[in-house]
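The following note is offered for a colleague who wishes to examine the structure point by point. Please keep the sequence and the model open while reading.

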Amino acid sequence: MMENTHSLKTFFVYKCLFTLTFWNHVSLSVENELLTPASYNFSEVVSDQKIESLALMHISRHQSSFDWVVIQNTTESLSLSEITNDNVKKLIDLLSNFKQGSRLQNLTLTNMSVNWDALMDLFQTVWHSSVEYFNVNNVTQLSEIERYVFDYSGTSMKALTVKKILIKDLYFIQDYLYRIFADMNIPDMTIVEAEMIHMLCPSSESPFRYLNFLKNDLTDFLFQKCDNLIHLETLILQGNKFERLSKVSFMTSRMKSLKYLDMSNNLLRHDGADVQCQWAESLTELDLSSNQLADAVFECLPVNIKRLYLQNNQISSVPKGMADLKSLEELNLASNRLADLPECSGFTSLRFLNTEMNSILTPSADFFQSCPRVRELQAGHNPFKCSCELQDFIRLERQSGGKLFGWPAAYVCEYPEGLRGTELKDFHLSELACNTTLLLVTALLLTLVLVAIVAFLCIYLDVPWYVRMTWQWTQTKRRAWHNHPKEQEAVLQFHAFISYSERDSLWVKNELIPNLEKGEGRVQLCQHERNFIPGKSIVENIINCIEKSYKSIFVLSPNFVQSEWCHYELYFAHHKLFSENSNSLILILLEPIPPYVIPARYHKLKALMAKRTYLEWPKERSKHALFWANLRAAISINLPISDENRCGETN
């Protein structure tokens with residue numbers, strides 16, 4: 001860099017772009033050029049196209065002829081801000097120098113506060129300049145809006161963007177304002193956040209290809225019966241106040257070239273009450289997200305649609321047979337109320353489906369069978385219920401080859417509570433738990449085996465016999481209580497009841513009874529032949545005799561185990577042993593009994609012989625005296641009653 005001594009306010013820039021600022025004058029950026037206040041001539045600079053870039057901003061409060069300063073520098077762009085009625089005339093003069101053919105193509109005006117006529121004059125000047133892309137931000141219109149004859153001819157303009165317009169004049173003819181913008185002969189126009197309530201149909205065939213009216217107050221009356229938007233391809237009406245989907249469809253019906261329509265964030269409904277819809281046949285992409293649409297929306301959709309966005313609505317299901325969208329490739333149903341994945345009978349070309357953030361507990365396992373062309377399914381962030389049905393879906397994911405988008409992080413169990421937070425890939429149930437047929441067959445087999453085991457045990461242990469005996473015991477006790485309710489306890493009448501086989505009766509009559517009932521300390525015995533009461537059942541007599549006897553003597557032999565009645569007597573005596581917690585059984589082994597001779601149902605006899613001490617009848621005569629002494633000692637007791645009684649009689 002080299003110094004120049006001409007003046008303190010003179011600068012020289014070598015091989016770089018730099019800003020030259022002159023006090024109270026316009027500041028320009030030049031390259032490899034030496035300028036002084038005295039030599040500066042604005043018109044010459046403009047005409048020689050020495051201005052590489054001009055981006056102006058009002059920063060001085062001094063009253064001057066033209067106090068703007070360059071704030072950015074590019075070859076084809078100019079950005080100006082803080083434009084008022086005081087300087088707008090000078091700005092118009094400045095812009096009038098950029099005739100068609102000049103290098104300036106991009107113009108941005110920010111923070112404008114001007115009258116209607118000044119604003120229109122400025123637009124008209126830009127219209128006939130070299131500017132192709134015109135951006136206006138934060139405009140405040142001060143005076144009354146009046147009719148303005150706008151000359152649209154001979155323009156280089158391609159796109160206009162207007163953002164945030166404040167009109168202070170509340171009483172004016174709407175057409176004066178909207179007609180200016182409706183008849184603009186440019187391909188692209190954007191008017192956003194302007195509180196615009198309407199827009200007129202162009203007066204003649206319009207070159208509009210792109211219209212963006214984001215965040216305004218437009219309603220269902222927009223472009224109804226408008227035939228002059230036949231070249232329009234993209235229409236963005238997001239964030240307005242449209243309410244009826246059928247009206248929107250009729251609005252597009254005359255837009256022969258429309259391909260993309262954004263109606264998101266409106267108030268759209270469709271009740272489906274015999275309301276016909278008529279969409280542009282060219283429409284292939286439609287955004288209806290964030291509205292109030294329910295299941296009936298599928299009755300009112302463009303037949304040739306390829307991409308459809310219905311997220312954040314109130315859709316609970318996709319009705320079968322209602323929509324026949326054979327060209328549909330992408331469908332977004334996220335953030336609705338779906339309880340299951342839709343089936344694809346009406347969407348034969350579907351490739352991408354989004355059902356995230358719905359109410360899907362158990363997705364259908366046959367989804368990919370009904371939707372064979374789907375390449376990507378986004379079904380995460382649903383409240384999955386980890387069950388057998390869900391395991392079928394997980395198994396399907398493994399077979400799908402990675403078609404589940406977001407797997408596995410977005411797929412987490414919500415129910416049951418014990419599995420909450422578990423990723424579906426870590427959830428497993430056994431085949432038996434999930435295969436109903438297999439589970440039923442297994443349960444049936446186990447039941448049959450259990451029944452067979454119980455039946456075998458019942459037969460082997462003679463369970464029915466024990467049940468019958470228990471019932472007879474209970475009935476006998478009940479009758480005794482009913483006949484003698486005041487008797488709380490049984491009165492003992494005998495020292496012992498004798499139970500024996502009839503085949504062993506000779507030993508009982510010739511040895512047992514004589515030795516116990518005769519002599520000093522005679523024992524009173526209860527024998528069925530002399531003490532059973534006629535008229536009562538044998539079982540009842542047995543029970544009564546056992547109840548009225550202090551002890552029960554059982555004469556055991558191979559003959560005993562073959563006797564049914566001996567079995568009864570042993571059962572009832574054993575029952576008394578446990579019910580009264582008494583030591584009332586005396587076992588006499590008359591003859592040895594081989595274990596294999598004892599039937600299976602005599603398991604109580606086996607247990608008694610294994611656990612209790614029994615008296616064995618000795619074969620040697622010399623030991624008989626000791627045997628009788630031991631037996632008398634076992635049954636010794638003083639009875640409080642007379643010597644002779646019958647088993648069924650009481651005092």
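Does Glu517 count as buried or exposed, by its relative accessibility? The model is a predicted one, and the answer is taken up in the first point below.

1. Glu517 counts as buried, because its relative accessibility is 16% and the cut-off for a buried residue is under 20%. Its salt-bridge partner is Arg530, with the closest N and O atoms 2.1 Å apart. The pair connects distant parts of the chain: Glu517 belongs to helix α11 (residues 505-517) and Arg530 to helix α12 (residues 528-531), with their positions 13 residues apart in numbering. Arg530, at 33% relative accessibility, counts as partly exposed. The contact therefore joins a buried residue to a partly exposed one.

2. The structure contains twelve salt bridges in total. As general background, side chains of opposite charge can pair when their charged atoms come close. One of the twelve is formed by Asp93 and Lys89, with an N to O distance of 3.2 Å. Both residues are in helix α2 (residues 88-95), where they stand four residues apart, or about one turn of the helix. Asp93 is partly exposed, at a relative accessible area of 36%, whereas Lys89 is exposed, at 52%.

3. Another salt bridge is that of Lys425 with Glu423, whose closest N and O atoms lie 3.7 Å apart. Lys425 counts as partly exposed at 34% relative accessibility, and Glu423 is also partly exposed, with a relative accessible area of 24%. Which residues are joined with these two into one network? Glu423, Lys425 and Asp426 form one network through salt bridges that share partners.

4. The search of the whole structure for cavities of 30 Å³ or more returns three. The largest has a volume of about 100 Å³. Its lining consists of 13 residues, and those nearest its centre are Leu119, Val139, Ile165, Leu177 and Phe181. At least two lining residues come from each of α3 (116-127), β7 (133-141), β8 (159-167) and α4 (174-182). The largest share, four residues, is supplied by α3. In class, the lining comprises twelve nonpolar residues, one polar residue and no charged residues.

5. The second largest cavity holds about 60 Å³ of space. Its lining includes Val318, Pro319, Lys320 and Gly321, and also Glu343, Ser345 and Phe347. Which classes of residue make up this lining? Five residues are nonpolar, three are polar and two are charged. Charged residues are thus present in this lining, whereas the lining of the largest cavity has none.

6. A nonpolar patch on the surface, of about 370 Å², is made by Val441, Leu444, Leu445 and Leu448. Among these, Leu445 is placed in helix α9 (residues 436-461). Leu445 is partly exposed, with a relative accessible area of 49%; it does not count as exposed, because that class requires over 50%.

7. The backbone deserves attention at two peptide bonds. In general, most peptide bonds are trans, and most residues other than glycine have a negative phi. The bond from Trp407 to Pro408 is cis, with omega near 5°, and Pro408 is in the loop between α7 (388-400) and β19 (413-415). The bond from Tyr415 to Pro416 is likewise cis, with omega near -5°. Pro416 is located in the loop between β19 and α8 (431-434).

8. Positive phi values are found in two residues other than glycine, Asn138 and Glu195. For Asn138, phi is near 60°; this residue is in strand β7 and is partly exposed, at a relative accessible area of 33%. Strand β7 also contributes at least two residues to the lining of the largest cavity. For Glu195, phi is near 55°. Where does Glu195 lie? Glu195 is in the loop between β9 (188-192) and β10 (210-212), and it counts as exposed, with 60% relative accessibility.

Technical notes. Residues are numbered from 1 along each chain as its sequence is written. This is a predicted model: local features need pLDDT of at least 70, side-chain atom pairs count only at pLDDT 80 or more; totals for chains, interfaces and linings use all residues. Side-chain values use heavy atoms; hydrogens and water are left out. On a 1 Å grid over the protein atoms alone, a cavity is a set of points where a 1.4 Å probe fits but cannot get out, and a pocket is an open set with protein on both sides within 12 Å along at least five of seven lines; lining residues have an atom within 4 Å of a point. Grid points are joined across faces, edges and corners, and a volume is the space filled by probe spheres set on the points. Ala, Val, Leu, Ile, Met, Phe, Trp, Tyr, Cys and Pro count as nonpolar, Asp, Glu, Lys and Arg as charged, and the others, Gly among them, as polar. A salt bridge is a side-chain nitrogen of Lys or Arg within 4 Å of a carboxyl oxygen of Asp or Glu. Buried means under 20% relative accessible area, exposed over 50%, partly exposed in between (1.4 Å probe, protein chains only). Patches are made of residues with over 30% relative accessible area and no salt bridge: like charges are joined within 9 Å, nonpolar side chains (Val, Leu, Ile, Met, Phe, Trp, Tyr) within 5 Å. Accessible areas come from the Shrake-Rupley method with a 1.4 Å probe; for residues, only the protein chains shown count as cover.
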